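Subject: Structure handover

Hello,

Here is the structure you are taking over. Please open it beside this message and follow along.

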Amino acid sequence: MTIVIFPAGRGMHLVPRSRAAAVAVRCCLLLLAAVLAAQVRAASPFSFSTVPGRLPKGVVPVDYTIAVTPDAIARTLRGRESVVLEFRESSAQIVFNSLNETLDDVRLDGQPVARVVSSDEQQLTTVSLAAPAPAGRHTLSFGYQGKIETIPQGLFAQPYVTPGGVRGLLLSTQFESTDARRMFPCWDEPAFRATFELTVTVPAEWAAVSNMPIAQREAQGKLATVRFGRTPSMPSYLVHLTAGDLAAISGRSGQTRLGVWAVRGQEQYGAVALANAAQILADYNEYFDYPYPLAKLDSIAVPGGFSGAMEDWGAISYNDQTLLVTPSSTMDDVQNVYSIQAHEMAHQWHGDLVTMAWWDDVWLNESFASWRGAAQTDARHPDWHWWEGQDETREAAMRADARVSSHAIEQPVTNELEATNVFDPDITYNKGQAVLRMLEAHLGADHFRDGVRRLMKAHAYSNASSEDLWGALGAASGRNVSVLARSWTEQPGFPVVSVTAHCDAAGLRTLTLSQRRFLLRGQDPAGTHWMLPLLIRAGSSGEPRAELLVHDGQSVAAGRCAEPLSVNADAVGYFRAEYDAATLATNTRAFGSLPAGDRIALLDDQWALVESGAQPLPTYLALAAAMGTDLNERAWNQVAGALGTIEYAERGSPGHEAFVGYARSLVRPLFDRLGWDARAGESPGIQRLRRTVIGSLGLWGDQEIIDGARQRFALFLKDRHALRPDEQAVVMTIVARHADAATFARLHAVAKSAANETELRRFYTALMSVRDPSLAVTAATIAMSSEIPPQADSLRLWLVLALSDEHQQLAWDLFVKHLDALLAPHQPSGPLYVAQYGPGMFWSSVPLDKIEAWVRANVPAEMTADVARGMETARFRIEEKSALVAATDRYLTARASAPSGQLLAGR
Ligand SMILES: [Zn+2]
């Protein structure tokens with residue numbers, strides 16, 4: 001599943017820790033192994049009998065035959081189901097999942113059963129037999145009445161309005177993690193694999209798409225009955241159905257038929273996705289060395305539904321904004337389409353062919369799909385510099401993971417109903433992806449790929465645990481992967497490596513290395529240590545050397561003292577580095593000549609160390625100033641983000657004007673180099689960098705930029721082709737921020753006349769940047785109005801958050817008042833978002849005790865740990881604000897009285 005990640009808000013980082021208080025813990029391999037061995041959940045290979053879950057394992061499904069007749073208008077469903085069961089032992093009871101279903105005519109092998117009890121609270125049905133049935137095959141059959149949902153959980157109805165203004169309604173499914181049971185009673189846990197034959201009766205003019213090709217379609221008057229082919233053995237959460245007034249374009253990749261489906265009239269916008277799918281499928285067939293096993297692979301653009309994508313086997317569903325490329329789409333949209341497809345298609349192996357044993361191993365699905373998708377995107381689009389851009393997701397993970405309250409990649413899940421809460425965007429997706437990339441670099445890409453291939457072959461059409469993966473990677477690489485890897489997947493957090501250089505008389509350098517857990521605030525009482533793969537580069541070029549840091553005080557030779565140094569070359573590692581003062585000064589002097597990845601790692605780490613209180617602010621600002629007019633997009637995004645955090649902290653402070661003047665002086669030379677307009681042959685990254693620079697200068701009050709944006713908006717009002725789609729958001733955001741009532745009305749008119757949802761999302765989001773308080777109230781009303789069509793309901797939450805940048809109290813009031821409506825399209829992830837991210841969005845205007853009380857009252861009681869994470873972020877940000885304001889004002893005052901340039905060199 002791809003979930004569109006909750007925006008982190010400006011400057012979500014944590015607090016100072018005392019360097020002196022660092023817990024001195026000596027670590028060795030044995031100690032680490034002992035710590036891991038003592039953890040509650042013993043890692044073990046997959047075994048059906050011992051996998052966790054609520055359902056008894058004595059009676060298991062083998063094959064389902066399911067026929068459903070949905071009534072989309074009445075939101076009801078009539079079904080008939082027959083399940084071939086394997087009684088692994090004699091039993092008088094059959095227990096399976098159901099929710100909101102009423103069963104009738106329940107029989108085993110054609111004979112009525114003694115009793116049927118369904119509990120919606122337990123989400124279980126228990127069938128009791130008059131006498132135990134012997135071990136062996138039996139067939140359970142029943143009819144049932146069910147429900148069609150109005151939010152994307154189970155089989156749901158999605159109303160929409162086409163760009164031409166026609167109203168429509170379609171049906172689609174979203175089952176992960178535990179919602180297949182809402183459409184048909186089933187054994188709804190991932191280890192209960194079975195085959196499925198689905199039949200659906202729908203209006204005769206509708207198309208219907210499922211996992212398998214259509215085996216038979218029969219029209220009877222106004223209805224058509226469509227029977228799909230029987231699936232391979234798979235878990236229930238991957239069953240798919242979409243039905244409605246849909247049309248497709250199609251193609252092939254090798255033996256596989258490819259289709260892209262959309263609401264009729266939109267299907268031609270699937271052409272880019274169709275070409276992507278053909279390329280990605282061919283590449284994955286080769287990478288996994290296990291050909292995609294189904295006859296077809298459909299990609300379905302659902303208008304609305306949920307705001308991401310879902311990897312159902314053979315029938316991947318996408319929010320149409322993440323699949324279709326229209327003339328209104330930007331380069332960012334095009335890149336998102338490719339990378340999300342690459343993620344979802346990786347799931348056809350990691351998740352569908354080989355499924356995690358239980359929800360505590362969901363990272364085996366999500367981290368792998370994220371890592372493989374990023375690697376695929378980077379390989380096929382080198383000019384997108386995808387891994388450099390993914391540094392942003394690594395940083396998002398590290399921000400979340402630098403909290404005392406963070407959790408491990410592998411999380412215990414005792415009850416499948418808690419499974420939704422383990423899909424943590426920061427840890428399950430982003431940290432998992434980064435850790436796998438580090439592991440791949442450590443083992444070597446060939447060994448890593450061979451390990452993945454071994455896993456696929458050994459566990460095809462079955463399930464696997466983390467330990468199975470470590471075994472496969474170990475067999476491929478000849479190394480003990482388990483101990484190293486488990487230190488990353490079973491422990492929360494990550495280390496900072498202290499690097500102290502010693503120079504001999506000849507100038508040769510020896511490093512002394514040690515590690516401690518990196519926390520933005522607080523201390524690590526556990527003295528956590530990791531097996532830490534370093535890539536050490538001395539100098540400004542050349543291949544880095546691998547070194548495994550296993551004990552504190554470890555020594556390693558590293559070139560000459562006069563050369564710059566990185567222990568995280570190319571920013572591949574998931575850790576931070578803290579260099580001694582002399583090495584940092586050398587790195588700062590050589591900053592302009594460093595490889596891009598080394599520079600990015602240095603910026604990331606130095607900023608995080610400043611935020612944690614371990615390093616003074618000027619050490620970071622010296623690096624930012626050393627960027628000059630370099631054109632690396634990710635490095636500048638890092639700088640723009642850090643300066644943006646300071647600017648946000650300074651709002652309302654006397655030092656604000658001085659700071660934005662300083663920030664403009666750092667960035668303006670880059671704009672002077674880039675100008676307003678794209679040039680022929682520029683990479684997407686440079687074009688996006690231009691927009692970042694313009695956006696930052698506009699936010700920081702550069703009058704020439706504001707005037708330039710206004711002129712361009714005036715031309716756009718006369719001619720909608722005057723601004724390319726890529727340029728519209730940044731121009732309209734600047735204009736909206738500084739808008740008066742008349743300008744705001746013009747922006748609003750543009751939004752109302754959006755040609756499609758892509759434009760609509762862009763224009764309405766820009767509107768929320770308005771700085772004028774009374775116009776912001778109007779913007780808030782617009783965000784909740786029926787101007788937003790039903791399929792764009794998920795946008796409303798992002799609009800409220802965009803509004804919160806300038807008007808936090810107003811956004812909070814809106815958030816609280818409309819919580820249910822805002823979260824409905826994001827369910828079942830809503831409570832996780834509220835708990836983990838809510839406090840960090842509203843900390844600067846709403847008292848923390850008020851936020852905490854409200855959050856606790858609005859999420860399930862078992863989410864205490866998630867609430868703690870959100871509150872830790874909010875508390876940190878309040879402390880960070882005062883620390884940053886003090887440090888910035890001090891720096892700028894000193895700078896104003898110092899001889900020119902003196903402060904740029906360092907402290
Ligand atoms: Zn996924």
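In what sense do strand 16 and strand 17 pair, and over how many bridges? Strand 17 covers residues 256-263, and its pairing with strand 16 is antiparallel, over eight bridges. One bridge to find by eye joins Leu246 to its partner Val263 in strand 17. Please keep in mind throughout that this is a predicted model.

The five-stranded sheet

Strands 16 and 17 belong to an open sheet of five strands. The order across the sheet is 16-17-18-20-19, and the pairing is mixed. Its edges are strand 16 (246-253) and strand 19 (309-310), each of which pairs on one side only. Helix 3 packs on this sheet, where it touches strand 18 (296-302), strand 19 and strand 20 (315-319). The direction of helix 3 makes about 145° with that of strand 20. As background, strands of a sheet pair through backbone hydrogen bonds, either parallel or antiparallel.

Helix 3 and helix 15

Helix 3 also meets helix 15. Two packed helices are described by the angle between their axes and the distance between the axes. For helix 3 and helix 15, the axes come within 11 Å and cross at roughly 130°. Helix 3 is therefore oblique to helix 15. Their crossing is left-handed. On the helix 3 side the contact is made by Met331, Asp332 and Gln335, and on the helix 15 side by Pro684, Arg688 and Arg691.

Helix 17 and what covers it

Helix 17 runs over residues 725-737, which is 13 residues. From its first C-alpha to its last it reaches 19 Å, close to the 18 Å expected at 1.5 Å a residue. Is helix 17 largely enclosed or largely open? Of its 13 residues, 10 are buried, so helix 17 is largely enclosed by the rest of the structure. Among the buried residues are Val730, Val731, Met732, Ile734 and Val735, and the list also includes Asp726, Glu727 and Arg737. The elements that cover them include helix 3 (331-347), helix 15 (684-699), helix 16 (703-718), helix 18 (741-752) and helix 19 (757-767). Helix 3 and helix 15, described above, are thus both found again in this cover.

Helix 19

Helix 19 is mostly covered too, with 10 of its 11 residues buried. The buried residues include Leu760, Phe763, Tyr764 and Leu767, along with Glu757, Arg761 and Arg762. Its cover includes helix 3, helix 16, helix 17 and helix 18, and also helix 20 (773-783) and helix 21 (795-804).

Helix 4

Helix 4 takes up residues 362-380, and its 19 residues should span 27 Å at 1.5 Å a residue. The end C-alpha atoms are 27 Å apart, which agrees. Since 16 of the 19 residues are buried, helix 4 is largely enclosed by the rest of the structure.

The eight-stranded sheet

There is also an open sheet of eight strands, in the order 5-4-8-2-1-11-14-13 and with mixed pairing. Strand 5 (111-112) and strand 13 (214-220) are its edge strands, each pairing on one side only. Strand 5 pairs with strand 4 (residues 102-108) in the antiparallel sense over two bridges. In one of these bridges, Leu108 has Gln111 of strand 5 as its partner.

A hairpin

Strand 25 (residues 532-538) and strand 26 (residues 545-549) pair in the antiparallel sense over five bridges. The partner of Leu535 is Ala546, in strand 26. The two strands form a hairpin with six residues between them. Gly539, in the turn, has a positive phi of about 100°.

Two single residues

Where is Thr178 placed? Thr178 sits in the loop between strand 10 (167-174) and strand 11 (195-203). With a relative accessible area of 8%, Thr178 is under the 20% cut-off and therefore counts as buried. Apart from neighbours within four places in sequence, Thr178 is in contact with Asp188, Glu416 and Leu417.

Gln606 is in helix 11 (residues 596-612). Gln606 is buried as well, with a relative accessible area of 2%. Not counting residues up to four places away in sequence, Gln606 touches Leu584, Gln615, Thr619, Tyr620 and Leu623. Ala821 is 215 residues from Gln606 along the chain, and their C-alpha atoms are separated by 41 Å.

Regards

Notes
Residues are numbered from 1 along each chain as its sequence is written. This is a predicted model: local features need pLDDT of at least 70, side-chain atom pairs count only at pLDDT 80 or more; totals for chains, interfaces and linings use all residues. Side-chain values use heavy atoms; hydrogens and water are left out. Helices (H or I, at least four residues) and strands (E, at least two) are DSSP runs, numbered from the N terminus. The expected span of a helix is 1.5 Å times one less than its number of residues. Buried means under 20% relative accessible area, exposed over 50%, partly exposed in between (1.4 Å probe, protein chains only). Contact means heavy atoms within 4.5 Å. Two strands pair if DSSP finds at least two bridges between them. Axes are lines fitted to C-alpha atoms, for helices over the stretch in contact, and angles run from 0 to 180 degrees between N-to-C directions. Angles under 35 degrees count as roughly parallel, over 145 as roughly antiparallel, 65 to 115 as roughly perpendicular and the rest as oblique. A crossing is left-handed if the near helix is turned anticlockwise from the far one by less than a right angle, and right-handed if clockwise.
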